[in-house]
Amino acid sequence: NGWKADLFISIHCNAAAAEEAQGTETLVYSEDSGEAYALAECIQNQIVQSLGTVDRGVKERPGLAVLRETDMPAVLVETAFITNEDDVQLLMNRKDEFARAIARGVTDYVAKKG
């Protein structure tokens, strides 16, 4: 907030007790977050389309301070699961593609804003 950033994007790897859990999800403070939700949709779509990950969608997470306490649109991207072998292979072998997909999601969002 002190930097007056235009956007906040936090990038993570997900984990679950169930090894079959896999895919990408992008989190927002609230589904009513307007700009953040639009940004999340753009990033989510780019990752799923580019890498073929399972689409777990955009999800609301009001308990995350990193999303709740920002002044700018904020999203948390759960790229893939470190507890799923197929996702692990994506994370290890296609890091640059994840990064490019996130960047394209940001540019899609900016283009939509006009």
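**Entry 1: salt bridges**

I searched the whole structure, which is a predicted model, and the search returned five salt bridges. I then went through several of the pairs.

I looked first at glutamate 25. Its side chain meets that of lysine 59 in a salt bridge, at 2.8 Å from N to O. I placed glutamate 25 in strand S2 and lysine 59 in strand S3 (residues 55–60), so this pair ties together parts that are 34 residues apart in sequence. I checked accessibility for both partners. Glutamate 25 comes out at 3% relative accessibility and therefore counts as buried, the cut-off being under 20%. Lysine 59, at 23%, counts as partly exposed.

I next took glutamate 35, which forms a salt bridge with lysine 113; their closest N and O atoms are 4.0 Å apart. Glutamate 35 belongs to helix H1 (residues 35–51) and lysine 113 to helix H4 (residues 95–113), so the pair links parts that are 78 residues apart in sequence. I noted glutamate 35 as partly exposed at 38% relative accessibility. Lysine 113 has a relative accessible area of 54% and is exposed, since the cut-off is over 50%.

I also looked up arginine 68 and glutamate 69. They form a salt bridge with the closest N and O atoms 3.0 Å apart. I found arginine 68 partly exposed, with a relative accessible area of 38%. Glutamate 69 is partly exposed as well, with 48%.

I then asked which residues are joined into one network by salt bridges that share partners. They are Glu25, Arg56 and Lys59.

**Entry 2: strand S4 and its partners**

I turned to strand S4 (residues 74–81) and checked burial along it. Eight of its eight residues are buried, so the strand is largely enclosed by the rest of the structure.

I looked up how S4 pairs. With strand S1 (residues 8–14) the pairing is parallel and runs over six bridges. Within this I noted asparagine 14, whose bridge partner in S4 is phenylalanine 81.

With strand S2 (residues 24–28), S4 pairs in the antiparallel sense over three bridges. Here I came back to glutamate 25, which stands opposite glutamate 78 in S4.

**Entry 3: glutamate 25 again**

I collected what I had on this residue. Glutamate 25 lies in strand S2, is buried at 3% relative accessibility, and faces glutamate 78 of S4 as its opposite residue. Its side chain is in a salt bridge with that of lysine 59, and Glu25 is part of the network with Arg56 and Lys59.

Key:
Residues are numbered from 1 along each chain as its sequence is written. This is a predicted model: local features need pLDDT of at least 70, side-chain atom pairs count only at pLDDT 80 or more; totals for chains, interfaces and linings use all residues. Side-chain values use heavy atoms; hydrogens and water are left out. Buried means under 20% relative accessible area, exposed over 50%, partly exposed in between (1.4 Å probe, protein chains only). Helices (H or I, at least four residues) and strands (E, at least two) are DSSP runs, numbered from the N terminus. Two strands pair if DSSP finds at least two bridges between them.
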